[in-house]
Amino acid sequence: MHACAKVHEAQDDAEWRHNSLTTQEFLKRQMESGRRISPIFSVFGVETYLFRVDWLHAVDAGVGADFAGNVFEALLHKLPGSNIAARCHALNEKIQQFYERRGTEDRLKGFSVASFRRPCATQPAKLKGSASQVRALIPFVKELAEELVDDSVPREAAMKIAATHLTHCYHALARSSASCRDEALYSSSQAFVNQVYALYLAGDGVCFRCKPKTHLFLELCSQAGVVPNSC
């Protein structure tokens, strides 16, 4: 990836898509920034092109967790309750009902407002949980957005659209989607990131902020044939 690439740039002509670092350029950049060089690069024949982005870390524990946390925080005020704790309890009830309908085994434990709200004023929200727990809730995020957002409010409508595209990315992992997986991942990942970036621009400069894993997500979904079946 190019050192100056912007993580939210999802379009085909984005600079990072055409300016990948060679192995030597990557190692040089690591050394110049004072970072440790992995010993694996001392093995003959090991080059950067051999490495692939991991879905679990880039999506389940990355953009998926970030997006879910931001949506929960943004829509919490629409749930019943006279205070944050009561509204969080209402959200947890919806989550538990979702789990029961789906027969979900990987469930969040001890869900509370601390499970997703931003840790400080300068850090965006993020859903806390294991990768499998976050993955299990991605369809719920879409359901919640469909239930609560007002389509006449552009920012809220963008949340629903983004949730739909992220869910499409997860659907593309299924064996039944193998024939159209590459196309679905490529188009839906771009649409998702574009919506999230629009949400960031329309927000307070913190919520829905794009992080480096956004770039990893886009790169992963742009590489044909590298994402395996998940089920």
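## Pro39 and the loop between H1 and H2

Pro39 is located in the loop that connects H1 and H2. In this predicted model, Pro39 has a relative accessible area of 53% and is therefore classed as exposed, the threshold being over 50%. Its C-alpha atom is separated by 31 Å from that of Cys210, and the two residues are 171 residues apart along the chain.

Tyr49 is also placed in the loop between helix H1 (23-32) and H2. With a relative accessible area of 56%, Tyr49 is exposed. Tyr49 contributes to a nonpolar surface patch of about 490 Å², to which Ile40, Val43, Leu50 and Phe51 also belong.

## Nonpolar core

In soluble globular proteins, nonpolar side chains tend to be buried together. The largest nonpolar core of this model has 53 residues, and the members that touch the most other members are Trp55, Phe67, Phe72, Leu91 and Phe217. At least two core residues come from each of the helices H2, H3 (84-102), H4 (131-148), H5, H6 (181-201) and H7 (212-222). The greatest contribution to this core is that of H2, which gives 11 residues.

Leu91 illustrates how this core is connected. When neighbours within four places in sequence are set aside, Leu91 is in contact with Phe72, Leu76 and Leu79, with Phe111 and Phe116, and with Phe140 and Leu144.

## Aromatic pairs

A pair of aromatic rings is described by the distance of the centres and the angle of the planes. Across the whole structure, the search returns 14 aromatic pairs. One of them joins Trp55 and Tyr170, with 5.5 Å from centre to centre and 90° between the planes, an edge-to-face arrangement. This pair links distant parts of the chain, since Trp55 belongs to helix H2 (residues 55-75) and Tyr170 to helix H5 (residues 154-171), 115 residues apart. Trp55 and Tyr170 are both buried.

A second geometry is found for Phe111 and Phe116: their ring centres are 5.7 Å apart and their planes meet at 15°, so this pair is stacked. The cut-off for stacking is under 30 degrees. Phe111 counts as buried because its relative accessibility is 13%, and Phe116 likewise counts as buried because its value is 0%. Both phenylalanines are also among the contacts of Leu91. Elsewhere, one aromatic cluster is formed by Trp55, Phe67, Tyr170, Phe192, Phe208 and Phe217. Trp55, Phe67 and Phe217 thus recur, having been listed among the core residues that touch the most other members.

## Salt bridges around Arg118

Side chains of opposite charge can pair when their charged atoms come close. The search of the whole structure yields 12 salt bridges. In one of these, Arg118 is paired with Glu73, and the closest N and O atoms are 3.2 Å apart. Arg118 lies in the loop between H3 and H4, whereas Glu73 lies in helix H2, so the bridge ties together parts that are 45 residues apart in sequence. Glu73 counts as buried because its relative accessibility is 14%, while Arg118, with a relative accessible area of 23%, is partly exposed.

Arg118 also meets Asp204 in a salt bridge, with an N to O distance of 3.2 Å. Because Asp204 sits in the loop between H6 and H7 and Arg118 in the loop between H3 and H4, this bridge ties together parts that are 86 residues apart in sequence. Asp204 counts as partly exposed, at 47% relative accessibility. Through shared partners, salt bridges join Glu73, Arg117, Arg118 and Asp204 into one network.

## Salt bridge between H3 and H4

Lys94 and Glu147 form a further salt bridge, in which the closest N and O atoms are 2.7 Å apart. Lys94 is in helix H3 and Glu147 in helix H4, so the pair ties together parts that are 53 residues apart in sequence. Both residues fall in the partly exposed class, Lys94 at 21% relative accessibility and Glu147 at 49%.

How values were computed
Residues numbered from 1 in each chain as written. Predicted model: local features only at pLDDT ≥ 70, side-chain atom pairs only at ≥ 80, totals over all residues. Heavy atoms only, no water. Phe/Tyr/Trp six-rings, centres within 6.5 Å; stacked < 30°, edge-to-face > 60°. Helix = DSSP H or I, 4+ residues; strand = E, 2+ residues; numbered from the N terminus. Buried < 20%, exposed > 50% of the residue type's maximum accessible area, 1.4 Å probe, protein only. Patch = residues over 30% accessible without salt bridge, like charges linked within 9 Å, V, L, I, M, F, W, Y side chains within 5 Å. Areas by Shrake-Rupley, 256 points an atom, 1.4 Å probe, with all protein chains shown as cover. Salt bridge = Lys/Arg side-chain N within 4 Å of Asp/Glu carboxyl O. Core = buried A, V, L, I, M, F, W, Y, C linked by side-chain atoms within 4.5 Å. Contact = heavy atoms within 4.5 Å.
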